[in-house]
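Please open the structure in your viewer and keep the sequence panel beside it, so that each selection can be followed in both. The tour goes from one stop to the next, and every stop says what to select and what is to be found there.

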Amino acid sequence: MDIWDIIIQIIPAIFLTKKYQQAFIDSIEDSNWEETTKALLNSRELLEATWRKDEEAVARYIEEAHLNTSILTYNNENTLAYTLLLAYISARDYYTIIREMPTGKGFADIALIPRHDKPAMIIELKWNQEVNTAIDQIKEKKYPKGLEKYKDNLLIVGISYNKKTKKHICHIEKHQ
């Protein structure tokens, strides 16, 4: 899929006449949208990989988003959360995204509340800790309780970043 395929998909209905379509195309023809297009496509792929529970792909897309974010320091869970929120930008088409959602016995780092038939998600982030620590925290602090409505269609996602190896690791489970 190239830039023009994306543009054709997002041209709103107000560009019905050929005159307006051509004016729109002319206005962006010389623009360089490649990086933006790549980030949006990666975001969509990240979301789909999460739905498939493809942990390696999720980690890979987050790594790429990390490399493309302009964070001066990448040294705590807040900067990791910032990267995740940018990486999951396309999720806004399907979800309401809540940062630090009060639930259970604490606050889930990121919660994605679906608008339609997609799974709800709780994402817990860990810095320089094992990824299972994030999953254990979700379970021990009963974060799914705040999304009881989605208990049959809820993914719990742990993402950790190792400062020494510079690697992200992901673990995804269907809540039971």
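What follows is a walk through helices, a sheet and two loop residues of a predicted model.

**First stop: α3 and α4**

Begin by selecting α3, residues 34–52, together with α4, residues 55–68. Two packed helices are described by the angle between their axes and the distance between the axes. Here α3 and α4 pack at about 155 degrees, and their axes lie 9 Å apart. Because angles over 145 degrees count as roughly antiparallel, α3 is described as roughly antiparallel to α4. The crossing of α3 and α4 is a left-handed one. To see where they touch, show the side chains of K38, N42, E45, L46, A49 and T50 on α3, and then those of A57, V58, Y61, I62 and E64 on α4. Sorted by class, the residues of this contact are 6 nonpolar, 2 polar and 3 charged.

**Second stop: K53**

Now select K53, which sits in the loop between α3 and α4. What is the sign of phi at K53? Phi of K53 is positive, near 65 degrees, and K53 is a residue other than glycine. This deserves a pause, because most residues other than glycine have a negative phi. With a relative accessibility of 37%, K53 counts as partly exposed.

**Third stop: α4 and α5**

Keep α4 on display and add helix α5, residues 77–87, whose packing against α4 has an angle of about 105 degrees and an axis separation of 9 Å. That angle makes α4 roughly perpendicular to α5. Which residues bring α4 and α5 together? On the α4 side they are I62, A65 and H66, and on the α5 side they are T83, L84 and A87. This contact of α4 with α5 holds 4 nonpolar and 2 polar residues, with no charged ones. I62 has already appeared in the contact of α3 with α4.

**Fourth stop: the sheet**

Next select the five strands, which form an open sheet in the order β1-β2-β3-β4-β5, with mixed pairing. The edge strands are β1 and β5, each of which pairs on one side only. From one strand to the next, the twist averages 25 degrees. Bring α5 back into view, since α5 packs on the sheet, where it touches β1, β2, β3, β4 and β5, and its direction makes about 140 degrees with that of β3. Then add helix α6, residues 131–140, which also packs on the sheet, touching β3, β4 and β5, with its direction at about 145 degrees to that of β4.

**Fifth stop: β1, β2 and β3**

Within the sheet, select β1, residues 95–103, and β2, residues 106–114; these strands run antiparallel and are joined by 8 bridges. Two pairs of bridge partners can be labelled: I97 with L112 of β2, and R99 with I110 of β2. The hairpin of β1 and β2 has 2 residues between the strands, and in its turn G104 has a positive phi of about 55 degrees. Is β2 mostly buried or exposed? Of its 9 residues, 8 are buried, so β2 is largely enclosed by the rest of the structure. On moving to β3, a hairpin of 5 residues joins β2 to it, and the two strands pair in the antiparallel sense over 3 bridges. I110, the partner of R99, stands opposite I123 in β3.

**Last stop: K166**

Finally, select K166, which is placed in the loop between β4, residues 154–162, and β5, residues 167–174. K166 is not a glycine, yet its phi is positive, at about 65 degrees. The relative accessible area of K166 is 48%, and K166 is therefore partly exposed.

Technical notes: Residues are numbered from 1 along each chain as its sequence is written. This is a predicted model: local features need pLDDT of at least 70, side-chain atom pairs count only at pLDDT 80 or more; totals for chains, interfaces and linings use all residues. Side-chain values use heavy atoms; hydrogens and water are left out. Helices (H or I, at least four residues) and strands (E, at least two) are DSSP runs, numbered from the N terminus. Buried means under 20% relative accessible area, exposed over 50%, partly exposed in between (1.4 Å probe, protein chains only). Axes are lines fitted to C-alpha atoms, for helices over the stretch in contact, and angles run from 0 to 180 degrees between N-to-C directions. Angles under 35 degrees count as roughly parallel, over 145 as roughly antiparallel, 65 to 115 as roughly perpendicular and the rest as oblique. A crossing is left-handed if the near helix is turned anticlockwise from the far one by less than a right angle, and right-handed if clockwise. Contact means heavy atoms within 4.5 Å. Ala, Val, Leu, Ile, Met, Phe, Trp, Tyr, Cys and Pro count as nonpolar, Asp, Glu, Lys and Arg as charged, and the others, Gly among them, as polar. Two strands pair if DSSP finds at least two bridges between them.
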